[in-house]
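Grab a pencil and have a go at these exercises. Try each task yourself before you read the solution.

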Amino acid sequence: MLKRRQVIGTVFSAAALSILPVSAQNLRKGIIVVYSRTGNTFGLAQRIHEKTGYPILRLQLVKPYAENYNDMTYLARDEIRSDARREIATKIPDLSGYTDIYVGGPYWWGGLDVPMRTFLKDHPLEGKRIHPFITSGSSSPRGAIEDIRRLCPKATIEPHFYSSNSEVSSALNNLDKWIEESLKG
Ligand SMILES: Cc1cc2nc3c(=O)[nH]c(=O)nc-3n(C[C@H](O)[C@H](O)[C@H](O)COP(=O)(O)O)c2cc1C
C-alpha cells in the first residue's frame, strides 16, 4: 500500500512539473504597446509579436512630429522639460484583462519619449507586469526605465530590453532570449 502511494505520488509530481510552464502561460494575457517615430523600436515590437502572438498597439499621434529630426528635436526637448503631453489618436482598448504589457519607445533627451509618457500618464498600468523595451542612439536607457517606474508606481517593472538603433537587427538573438525569460515566472 505504501509502495503504491509512493508510485502515484511520483507520477503526479512529474506530470505537474511538465504542465506548469504551459499553465503559467495560460494565465497570462499580453499586449505590446509601442511608440516609434522612425521604426527602430517598432522593429523590436514586431519580433515580440512574432514570438508571443500578442497584439501590437502602435501609438499614433493627433499631431505627428515633423519628419525632419532637426525640425522636431528641440520641440520634443521643450515638451519633456515642461512635462507637456502629445495627444494619442489611437483608440486604446480595455486593458483590464491583460496581465503583461510590453512597453516600448525610443529614448529622448534623457528619458522616455513624450508620446509614451502621455500614454502612461493616462494608463499607469496598476497591477500589471511591465516589460520595457527601449532603443536609443547610444545613451543608456536608464532614464527611460526610471520614467516608467515613476509613471507606473503600482506596476511591477520586469527586466528591460535595450538596443542602440544601429544594432536593432543584430540584437534579435538577445531579444529572443529576453522574450523567453519574460514569459517565465
Ligand atoms: C527627440 C529625440 C531625442 C533623442 N534623444 C536621444 C538621446 O538623448 N540619446 C540617444 O542616444 N539617442 C537619442 N535619440 C535617438 C533615438 O533614441 C533613436 O534613434 C531611437 O532608436 C529612435 O527610435 P524609433 O525609430 O523607434 O523612433 C533621440 C531622438 C529623438 C527624435
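Below are four short exercises on the ligand and the pockets of this predicted model.

**Exercise 1. Work out which residues come nearest to the ligand, and which polar atoms lie by its oxygen and nitrogen atoms.**

Solution.
- Step 1: Start with the shell. There are 21 residues around the ligand, and the nearest are Ser 36, Thr 38, Thr 41, Thr 135 and Ser 139.
- Step 2: Now look for a side chain. Thr 41 has a side-chain N or O atom 2.6 Å from an oxygen atom of the ligand.
- Step 3: Turn to the backbone. In Tyr 107, a backbone N or O atom is 2.7 Å from a ligand oxygen atom, while a polar backbone atom of Gly 137 is 2.9 Å from a nitrogen atom of the ligand.
- Step 4: Check how covered the ligand is. On its own the ligand exposes 640 Å², and the protein buries 88% of that.

**Exercise 2. Find where the ligand sits, and sort the shell around it by element and by class.**

Solution.
- Step 1: Locate the ligand: you'll find it in the largest pocket.
- Step 2: List the elements that give two or more residues to the shell. These are helix 2 (40–52), helix 3 (69–81), strand 3 (100–108) and strand 5 (129–136).
- Step 3: Pick out the top contributor. Helix 3 has the largest share, with four residues.
- Step 4: Sort by class. The shell holds 13 polar residues, seven nonpolar ones and one charged one.

**Exercise 3. Describe the largest pocket: its space, its lining and the elements behind that lining.**

Solution.
- Step 1: Begin with the space, which is about 370 Å³.
- Step 2: Go to the lining. It has 20 residues, of which Tyr 69, Pro 106, Tyr 107, Trp 108 and Gly 137 are closest to the centre of the pocket.
- Step 3: Trace the elements. At least two lining residues come from each of helix 2, helix 3, strand 3 and strand 5, and helix 3 gives the most, four residues.
- Step 4: Split the lining by class: twelve polar, seven nonpolar and one charged.

**Exercise 4. Do a similar job on the second largest pocket.**

Solution.
- Step 1: Note the volume of the second largest pocket, about 200 Å³.
- Step 2: Look along its lining, where you'll meet, among others, Tyr 35, Ser 36, Arg 37, Arg 58 and Glu 67.
- Step 3: Sort that lining by class. You should get six nonpolar, two polar and three charged residues.

Conventions
Residues are numbered from 1 along each chain as its sequence is written. This is a predicted model: local features need pLDDT of at least 70, side-chain atom pairs count only at pLDDT 80 or more; totals for chains, interfaces and linings use all residues. Side-chain values use heavy atoms; hydrogens and water are left out. A residue is near a molecule or strand if one of its heavy atoms lies within 4 Å of it. A polar contact is a pair of N or O atoms within 3.5 Å; within protein, one must be able to donate a hydrogen and the other to accept it, and residues adjacent in sequence count only if both atoms are side-chain atoms. Accessible areas come from the Shrake-Rupley method with a 1.4 Å probe; for residues, only the protein chains shown count as cover. On a 1 Å grid over the protein atoms alone, a cavity is a set of points where a 1.4 Å probe fits but cannot get out, and a pocket is an open set with protein on both sides within 12 Å along at least five of seven lines; lining residues have an atom within 4 Å of a point. A molecule sits in a cavity or pocket if more than half of its atoms lie within 2 Å of its grid points. Ala, Val, Leu, Ile, Met, Phe, Trp, Tyr, Cys and Pro count as nonpolar, Asp, Glu, Lys and Arg as charged, and the others, Gly among them, as polar. Grid points are joined across faces, edges and corners, and a volume is the space filled by probe spheres set on the points.
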